[in-house]
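This briefing introduces one protein structure to a reader who has not met it before. Please keep the sequence and the structure in view while reading.

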Amino acid sequence: HACCWLLGLLFSESDPGETTLRRHHTAGKMSTQEEKGGWFDALTTPLNACSLETYFPITRDDGINSSSSDKPSDVPLVVGCYQLNESSQSDPEDPDTASSSAGSSRCGELRLHMIPTPSTSKTEMQFGDAACVLQMESGVLDGKWKRRRKNNQTAVEIPLFASACASGSIHIHGLEKNMPTDSTTDTTSWSLNHLASTEDGRSDTGLCLALAWNDYLNESEDQIVSSYSNGEVAIHQVSYHGDTNKAPKLEETHRWNAHTLFGCPSEVWTCSFLRGAENVLLSGADDCSMKIWDIRQTQRPVHKVGDREFEAGVTAISSHPSLDNIFAVGSYDEHVRLYDYRKMAEPLSKVPVGGGVWRMKWHPSTWSGESSCRGKLLVAAMHGGCRIVNFPSLDGGVEEYTAEEADVLSEFTAHESMAYGADWISFGSPELEAA
């Protein structure tokens, strides 16, 4: 059952100002205490972590993305951090300084860790020291690796990471191997190099709360969708001028008011493109609704699922990497729902996860089209800890997915505060997988 019971890599915000990341082993039969408290490694960040994103393994000698290579490799892990710094001049009795915008500032950073291939067992995995720490102009609220690979790409393609910041800006960084300064050492080092940012234009953009790459395009250019605290959703074009190894150009092409609550803008917590449905994207907000949009006509949504289904805000949407029309939706109402875009009358499945859902990640093997684990979903459920949920019908080869009961395969509740993020690690075999 190696694909079901994995070493876990989980994180949550702990005391103000620090965040703890832990690995948890759930293989075999464990006592209640072990299930809640067993972990291998811990990492504390100086600022509160808001996002946690891993990438495919990168071979150390040539930097090629590979999950099946026998060469030594590392899994890149980027932690996005955020902290609200209260001003010493802020007076709660003074309306001019009492608000967070007038009397405080937001700072943030990106922290890169390269997790090396364990020699014999996944229990040997270690975070190690940060390979790179970047101070950002404001807090980092979300981040995503670009997952789409070009089939006709002959040169090594630089892995790209996009981050959403409290300033409203989006930044793109490239993961690059540093040239050794000492010829006597063969140590490999990596860094995140800034490549592009959105231009600072409007002052009323709001906080950029979430973003997602369009990993389902068949074009030379890329797209990013982003969502904001002022109720808006925006689309950005990423252009490479014929060379994906040169700095891209990031340009906003469309923006619209997507969600309101009682006539006021509603925070749009999540957004995503949808595999198998060209020109379609999804958004979820604090107004207890999920909306489906045709990006060619955004005056009104194509479809809306509202408070008859969701009992609280919609906080996470994740399109399945290898199955057309299938996506998962998480909500503050402590449930994960599975949908088929072709039949939206009701969800295919609905499973309680013990806490408000903040992030969801499909099993990494789904990006290569493998079927054995494509029903597995890792969920960060805030005060409910983390869960691995399984939708059994997705593991088969059928075209129609039927309504079913989902299984909770594993849980991790050792964090003493809310779990805001979780992600997988995979070195290409079930014996070297983590969550």
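With which side chain does the side chain of S318 make a polar contact? The partner is the side chain of W362, at 3.3 Å. The model discussed here is predicted. A search of the whole structure finds 16 salt bridges and zero disulfides. The points below are grouped by topic, starting with the sheet to which S318 leads.

**The sheet of strands 23 to 26**

- Four strands, in the order 23-24-25-26, make up an open sheet with antiparallel pairing.
- Strand 23 (314-319) and strand 26 (349-352) are the edge strands, and each of them pairs on one side only.
- On average, neighbouring strands of this sheet are turned by 20° against each other, with direction ignored.
- Within the sheet, strand 24 (residues 326-331) and strand 25 (residues 335-340) are joined by five bridges in the antiparallel sense.
- F327 has Y339, in strand 25, as its bridge partner.

**S318 in strand 23**

- S318 is part of strand 23.
- With a relative accessible area of 12%, S318 is buried, because the limit for that class is under 20%.
- When neighbours within four places in sequence are set aside, S318 is in contact with F327, A328, M360 and W362.
- W362 therefore appears among the contacts of S318 as well as in the side-chain polar contact described above.

**Y341, beyond strand 25**

- Y341 is located in the loop between strand 25 and strand 26.
- The relative accessibility of Y341 is 24%, which places this residue in the partly exposed class.
- Residues up to four places away in sequence not being counted, Y341 touches L274, A277, V280, I292, N325 and F327.
- One of these contacts, L274, is 67 residues from Y341 in sequence, while the C-alpha atoms of the two are 8.8 Å apart in space.
- F327 is thus listed among the contacts of S318 and among those of Y341.

**The sheet of strands 13 to 16**

- A further open sheet consists of four strands in the order 13-14-15-16, again with antiparallel pairing.
- Strand 13 (208-213) and strand 16 (249-257) stand at its edges; each has a single partner strand, so one side of each has no neighbour in the sheet.
- The average turn between neighbouring strands of this sheet is 20°, direction ignored.
- Strand 14 and strand 15 (residues 232-239) pair over six bridges in the antiparallel sense.
- The bridge partner of S226 is A234, in strand 15.

**Salt bridges**

- D222 and R148 meet through their side chains in a salt bridge, with an N to O distance of 2.3 Å.
- This pair links distant parts of the chain, 74 residues apart: D222 belongs to strand 14 (residues 222-228), and R148 to the loop between strand 9 (140-145) and strand 10 (160-165).
- D222 and R148 are both buried.
- E53 forms a salt bridge with K361, and their closest N and O atoms are 3.2 Å apart.
- Because E53 lies in strand 4 (residues 48-54) and K361 in strand 27 (residues 359-362), this salt bridge ties together parts that are 308 residues apart in sequence.
- E53 and K361 are each buried.
- E53, K361 and D423 are joined into one network by salt bridges that share partners.
- A salt bridge also connects the side chains of K144 and D142, at 2.9 Å from N to O.
- The two residues of this pair fall into separate classes: K144 is partly exposed, with a relative accessible area of 22%, whereas D142 is buried, at 1% relative accessibility.

**Cysteines**

- Why does C271 form no disulfide with the closest cysteine, C208? The sulfur of C271 is 7.5 Å from that of C208, which is too far for a bond, because a disulfide requires sulfur atoms within 2.5 Å.
- C271 counts as buried, at 3% relative accessibility.
- C288 is buried as well, with a relative accessible area of 18%.

How values were computed: Residues are numbered from 1 along each chain as its sequence is written. This is a predicted model: local features need pLDDT of at least 70, side-chain atom pairs count only at pLDDT 80 or more; totals for chains, interfaces and linings use all residues. Side-chain values use heavy atoms; hydrogens and water are left out. Two strands pair if DSSP finds at least two bridges between them. Helices (H or I, at least four residues) and strands (E, at least two) are DSSP runs, numbered from the N terminus. Axes are lines fitted to C-alpha atoms, for helices over the stretch in contact, and angles run from 0 to 180 degrees between N-to-C directions. Buried means under 20% relative accessible area, exposed over 50%, partly exposed in between (1.4 Å probe, protein chains only). Contact means heavy atoms within 4.5 Å. A salt bridge is a side-chain nitrogen of Lys or Arg within 4 Å of a carboxyl oxygen of Asp or Glu. A polar contact is a pair of N or O atoms within 3.5 Å; within protein, one must be able to donate a hydrogen and the other to accept it, and residues adjacent in sequence count only if both atoms are side-chain atoms.
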